[in-house]
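Q: Please take a close look at one part of this model, and show me how it fits into the rest. I am a first-year student, so please explain each technical term once as you go.

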Amino acid sequence: MSQSLAIQLAERLRSEPLDLVRIAGEIAERSGYGLYLVGGAVRDLLLGQANLDLDLVVEGDAVELARALQRQAGGEVLTHPRFGTAKLRRGDLLIDLATARAESYEHPGALPTVRPSTIVDDLARRDFTINAMAIHLDASNFGRLVDPFGGQEDLSRKRVRVLHDNSFIDDATRMLRAVRYEQRFDFRLDPATERLLRRDVSMLHTVSGDRTRHEVELILREPCPEKALARAEGLGLLAQIHPSLRGNGWVAEKFRTARATAHPPALGLYLSILVYHFTDQEVEDLATALKLPGATARVIRDSVRLRQSLHALETPELSPSTAYRFLEDYSPTSILACAIASDSPLVQTRLKLYLDRWRHVKPSLDGQALQRMGIPPGPRIGRMLRALLEARLDQRVRTRSEEANLVRLWMSQEK
Ligand code: ATP
């Protein structure tokens with residue numbers, strides 16, 4: 001096993017990371033420290049999937065190891081001695097180093113109290129068995145797997161399993177992580193883990209908005225987030241975040257359309273689709289529950305405000321300039337969200353025309369050109385440019401000289 005893992009590891013890491021990891025392994029060996037690759041990279045290596053996340057854990061001083069590695073291999077080091085962690089960056093390569101630690105929780109949802117410890121203790125504080133494996137990097141054991149919780153077997157049985165019965169109580173974000181991994185890898189929750197999750201579902205309230213938002217964002221960054229959302233709805237997790245959140249077939253269809261339109265869709269776009277049918281108050285409640293940053297909250301607010309007035313775009317004879325005036329104050333993301341989520345073909349067409357064409361239209365003449373034509377500087381210039389823009393949008397003028405003719409006409413009428 002260790003031989004073949006060492007070879008796989010060597011193959012997966014391009015030569016530069018492998019170099020660094022080997023040097024780190026030699027330094028660790030000389031200092032008498034155990035050094036390990038941990039987390040998602042180990043899981044993905046065993047699954048045969050690419051993952052260049054270099055999360056290393058050292059049974060010893062990670063800050064000291066990072067500095068020694070920098071002296072030998074170059075790069076820049078950023079250290080957090082208080083947390084026993086360090087980052088080494090060399091070119092586009094990033095290695096995270098952490099001192100092996102054990103942890104305990106004061107109360108549910110609290111950040112854990114940590115103390116330096118062994119790799120097995122470090123793995124014991126992790127979320128699922130499939131994420132709780134390590135690979136030795138120290139020279140004499142290079143490639144040997146450390147798997148105290150049966151992670152490898154769970155990988156082959158396609159199971160997401162917590163390490164102990166209080167795992168979701170200690171950290172309820174793990175419930176969202178569980179469905180994310182389950183759906184990403186096409187695994188199943190281990191039946192006992194699913195029972196624990198259903199038992200502890202209300203514990204999601206113990207988690208801060210920031211941490212819940214982070215996990216929701218991670219779900220939305222998955223290739224097909226709708227799968228995890230459907231599962232999260234089925235398990236009652238979405239309702240804990242907000243009672244009106246859905247992960248149903250409508251959401252799935254609209255998410256697929258979003259991906260066909262924008263690659264990858266911005267988080268604000270996915271969130272706008274999720275809140276499309278919300279009331280203003282529900283949007284505010286969700287923004288508070290997830291502590292959404294101001295810009296994202298504005299986008300989803302805009303989407304719902306626009307959805308509520310989309311009927312204005314159903315008028316059969318609507319000039320482009322009127323539609324433009326109606327839409328120009330909304331963010332492009334909220335307009336795209338409504339183009340995707342609206343079920344009216346006419347509305348969809350107008351929203352897409354705005355995004356693809358109308359919002360990019362500019363008159364050929366600018367303020368200086370108008371001054372050269374004899375219009376004095378002042379607010380009149382702004383009004384004329386706006387009128388020229390609308391004439392362009394409605395195709396009453398198509399060329400620079402037609403614009404100039406129109407300006408001359410206006411000037412003669414104003415005399
Ligand atoms: P991904 O492929 O989603 O990036 P990852 O496993 O690299 O997966 P990270 O969020 O980068 O995920 O976390 C790194 C490791 O830290 C995980 O593999 C897991 O061992 C541990 N971990 C992360 N979050 C938690 C948590 N809430 N509770 C316990 N362990 C966690």
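A: Let us start with the whole chain, where residues 24 or more positions apart account for 66% of the contacts with a separation of 6 or more, a contact meaning heavy atoms within 4.5 Å. The model is a predicted one, in which local features need pLDDT of at least 70 and side-chain atom pairs count only at pLDDT 80 or more, whereas totals for chains, interfaces and linings use all residues. Residues are numbered from 1 along each chain as its sequence is written, and side-chain values use heavy atoms, with hydrogens and water left out.

The protein chain holds 22 helices and eleven strands; these are DSSP runs numbered from the N terminus, helices being H or I of at least four residues and strands E of at least two. The part to look at closely is an open sheet, in which seven strands follow the order β3-β4-β5-β2-β1-β8-β9 with mixed pairing, and two strands are said to pair if DSSP finds at least two bridges between them. Because β3 (76-80) and β9 (145-146) stand at the edges with a single partner strand each, one side of each is left without a neighbour in the sheet.

Within this sheet, β1 (residues 34-38) and β2 (residues 54-59) are paired in the antiparallel sense over four bridges, and Tyr 36 stands opposite Val 57 in β2. Helix α4 (residues 62-73) packs on the sheet, where it touches β1, β2, β3, β4 (85-90) and β5 (93-99), and its direction makes about 15° with that of β4. Helix α3 (residues 40-47), in turn, lies across β1, β8 (134-136) and β9 and runs at about 65° to β1. For these angles, the axes are lines fitted to C-alpha atoms, for helices over the stretch in contact, and the angles run from 0 to 180 degrees between N-to-C directions.

Let us now turn to side chains. The largest nonpolar core has 109 residues, and those with the most contacts inside it are Leu 35, Leu 37, Leu 69, Leu 237 and Leu 351; such a core is a set of buried Ala, Val, Leu, Ile, Met, Phe, Trp, Tyr and Cys residues joined through side-chain atoms within 4.5 Å. If residues up to four places away in sequence are not counted, Leu 69 touches Leu 20, Ile 23, Ala 24, Ile 27, Gly 74, Leu 88 and Ile 95. Apart from this core lies another, of 14 residues, including Leu 365 and Ala 404. Of the 415 residues of the chain, 50% count as buried, which means under 20% relative accessible area, while exposed is over 50% and partly exposed is in between (1.4 Å probe, protein chains only).

Finally, we can place the sheet in the whole. The chain is divided into domain 1 (1-157), domain 2 (158-241), domain 3 (245-360) and domain 4 (367-414), with bounds that come from an automatic or database domain assignment. The centres of domain 1 and domain 4, taken over C-alpha atoms, are separated by 66 Å, and the C-alpha trace spans about 90 × 50 × 35 Å along its principal axes. The chain has a radius of gyration of 28 Å, although a compact globule of 415 residues would have one near 22 Å; this radius is taken over C-alpha atoms, and the globule rule is 2.2 Å times the number of residues to the power 0.38.
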